[in-house]
Amino acid sequence: MGKIEVLPAGESALLLDFSSYQTHESRSATTSRIHRLVSILDQETNSPIRELTPSYTALLVEFDSETTNAADIEQHLRFCSEKIGEIQLPPRPSYEIPVAYGGAYGPDLGWVADYLRMSVSQVVELHCSVSFSVSFYGFRPGFAYLDGWPAANSLPRLEAPRPAVPKGSVALAGTQCGIYPSLSPGGWRLIGQTPLSVFVPGNQSFCRWELGSTLRFYPVRP
């Protein structure tokens, strides 16, 4: 079995490293383990924990150092971690995302097809066949890292990032997919664009979808 390593991350934060679990389980299983711990901690009331920031294999826990200390927080986190197996996450919603593929909306689609030795239609079909999972948020407000693109079809990032990627661009990098929530620089491979608004200012995550949600894409005419 894996073991959680707890590392200091400043005066008021701890980093929980779950990477040892990946010696015997998939990345998505490790990420789900982190999501269950986040669910436990989110349900607590009057907690000194102020912010939880997950990734694929780690969880950054920020706390109020004026009311508690790192040793007590670590003890509490290890106690909660032992209960991960008892937690069943509530069903997460699924979303269907319309995408205009290729052309000006997805300028890298042809390159992706050549790199994978597929036709453009095969790449679109593959992308629409995958159930992507919201693993964590990062890079900029509203950007969700979507896990699920086949490892056999992993894609390199651009050698030099674009200075301006349009809002709604659907992109691939490595085994990840993402939707740019606003105009920004970016180095992922752009294959299409959705008209849906991803950035939601009123949400804690600034994102339209929740951790663990499933996203499926489907093609539409521009």
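**Overall fold and two strand neighbourhoods**

Buried residues (under 20% relative accessible area, with exposed meaning over 50% and partly exposed in between, for a 1.4 Å probe and protein chains only) make up 46% of the 222 residues in the chain. The model is a predicted one, where local features need pLDDT of at least 70 and side-chain atom pairs count only at pLDDT 80 or more, while totals for chains, interfaces and linings use all residues. Residues are numbered from 1 along each chain as its sequence is written, and side-chain values use heavy atoms, with hydrogens and water left out.

Looking at the chain as a whole, its secondary structure comes to 4 helices and 13 strands; these are DSSP runs numbered from the N terminus, H or I of at least four residues for helices and E of at least two for strands. The C-alpha trace spans about 55 × 35 × 35 Å along its principal axes. The radius of gyration (taken over C-alpha atoms, with a globule rule of 2.2 Å times the number of residues to the power 0.38) is 19 Å, which agrees with the value near 17 Å for a compact globule of 222 residues. Contacts, meaning heavy atoms within 4.5 Å, often link distant parts of the sequence: of those in the chain with a separation of 6 or more, 60% are between residues 24 or more positions apart. On the outside, the chain exposes about 11,300 Å², and carbon and sulfur atoms supply 51% of that; the areas come from the Shrake-Rupley method with a 1.4 Å probe, and for residues only the protein chains shown count as cover.

Strand β2 (residues 13-17) is a handy place to zoom in. It is mostly covered, with 4 of its 5 residues buried. On one hand, β2 runs antiparallel to strand β1 (residues 5-8), joined by 4 bridges; strands count as paired if DSSP finds at least two bridges between them. Here V6 has L16 as its bridge partner. The two strands form a hairpin with 4 residues between them, and G10 in the turn has a positive phi of about 100°. On the other hand, β2 pairs with strand β4 (residues 58-63), again in the antiparallel sense, over 5 bridges, and L14 stands opposite V61.

A13 sits in β2 and counts as buried because its relative accessible area is 7%. Leaving aside neighbours within four places in sequence, A13 is in contact with P8, L60, V61, E62 and F63. A13 and E62 are 49 residues apart along the chain, yet their C-alpha atoms are separated by 4.2 Å.

Strand β12 (residues 189-193) is mostly covered too, with 5 of its 5 residues buried. It runs antiparallel to strand β5 (residues 94-101), with 2 bridges between them, and Y101 stands opposite G192. Strand β9 (residues 169-173) also pairs with β12 in the antiparallel sense, over 4 bridges; there, S169 has Q193 as its bridge partner.

Finally, the loops hold a couple of oddities. N46, in the loop between α1 (27-42) and β3 (49-54), is not a glycine but has a positive phi near 55°. N46 counts as exposed because its relative accessibility is 80%. F206, in the loop between β12 and β13 (214-219), also has a positive phi, about 65°, although it is not a glycine. With a relative accessible area of 35%, F206 is partly exposed.
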